[in-house]
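Let's take a walk through the hollows of a protein. Have the sequence and the 3D view ready, and we'll go one pocket at a time.

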Amino acid sequence: MKQAHIVEKQTIHSGKYLALELLKYQHDDGRILTWESAVRTNSTPAVMILPEIKPDNEIVVIRQFRPPTGRYMWETPAGLIDPGEDPADAALRELEEETGYTGKLTRILPPSYSTAGLTGESVYMAFVEINGNDYPPERQLVTDFDDSESIAACRIRKSELNAFLLQKIAEGDGVDSKLLLYSELMQ
């Protein structure tokens with residue numbers, strides 16, 4: 001049996017950050033089919049960070065407005081990996097930029113795909129341990145996110161994360177599917 005593969009890519013539209021491509025691919029049975037795909041114009045992978053505060057048993061989540069959804073979203077810190085940057089370094093940089101926290105990288109997973117029906121963007125998932133003794137809840141944190149971002153960081157006890165996210169959905173916010181899945185698995 002033949003394996004499916006891309007035979008042609010055509011850019012339909014290209015903007016500052018994203019492009020829409022029409023992909024022609026050969027199906028397993030030999031037919032030539034098409035698929036529309038969104039791609040980043042800089043083609044860099046992303047990193048998603050799961051920051052855990054020890055020994056407090058909390059994780060850090062963020063809330064930010066995401067124009068494609070038209071709502072505020074609860075997510076973990078994340079961002080694009082700069083060209084030539086190591087994914088581990090990008091994870092620690094993005095964590096500090098978006099939340100003000102620093103920590104120790106404990107694990108990074110190989111690249112995976114979260115929305116493969118829409119885009120070929122790969123995402124590294126990074127796990128970071130934050131020393132809670134360095135960050136009492138009253139400590140003021142300094143962030144450095146992009147001008148287009150407005151991010152609020154929040155500490156949530158892992159045991160309360162699922163109920164917290166479900167409440168936020170009921171209130172009209174959105175939740176990143178990976179974070180919601182993580183919260184369900186923590187039950």
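First, a bit of vocabulary: a pocket here is an open set of grid points with protein on both sides within 12 Å along at least five of seven lines, and its volume is the space filled by probe spheres set on those points. Keep in mind that you're looking at a predicted model.

With that in hand, start with the second largest pocket, which holds about 290 Å³ of space. Its lining is made of 17 residues, and nearest its centre you'll find Ser37, Val39, Thr119, Gly120 and Glu121. Which elements give two or more residues to this lining? They are strand S1 (5-14), strand S2 (18-26) and strand S3. Of these, S3 gives the most, with four residues. Sort the lining by character and you get seven nonpolar, six polar and four charged residues.

Now move over to the largest pocket, with a volume of about 1700 Å³. Here 43 residues form the lining, and Arg40, Arg66, Glu75, Leu80 and Glu121 are the closest to the centre. Seven names are worth finding in the view, as each gives two or more residues to this lining: strands S3 (32-40), S4 (46-54), S5 (58-66), S6 (71-75) and S7 (78-80), plus helices H1 (87-99) and H3 (177-185). Helix H1 provides the largest share, four residues. By character, this lining splits into 18 nonpolar, twelve polar and 13 charged residues.

Did you spot the names that come up twice? Glu121 is listed by the centre of the largest pocket and also by the centre of the second largest one. Strand S3 likewise helps line the largest pocket and the second largest.

Methods. Residues are numbered from 1 along each chain as its sequence is written. This is a predicted model: local features need pLDDT of at least 70, side-chain atom pairs count only at pLDDT 80 or more; totals for chains, interfaces and linings use all residues. Side-chain values use heavy atoms; hydrogens and water are left out. On a 1 Å grid over the protein atoms alone, a cavity is a set of points where a 1.4 Å probe fits but cannot get out, and a pocket is an open set with protein on both sides within 12 Å along at least five of seven lines; lining residues have an atom within 4 Å of a point. Ala, Val, Leu, Ile, Met, Phe, Trp, Tyr, Cys and Pro count as nonpolar, Asp, Glu, Lys and Arg as charged, and the others, Gly among them, as polar.
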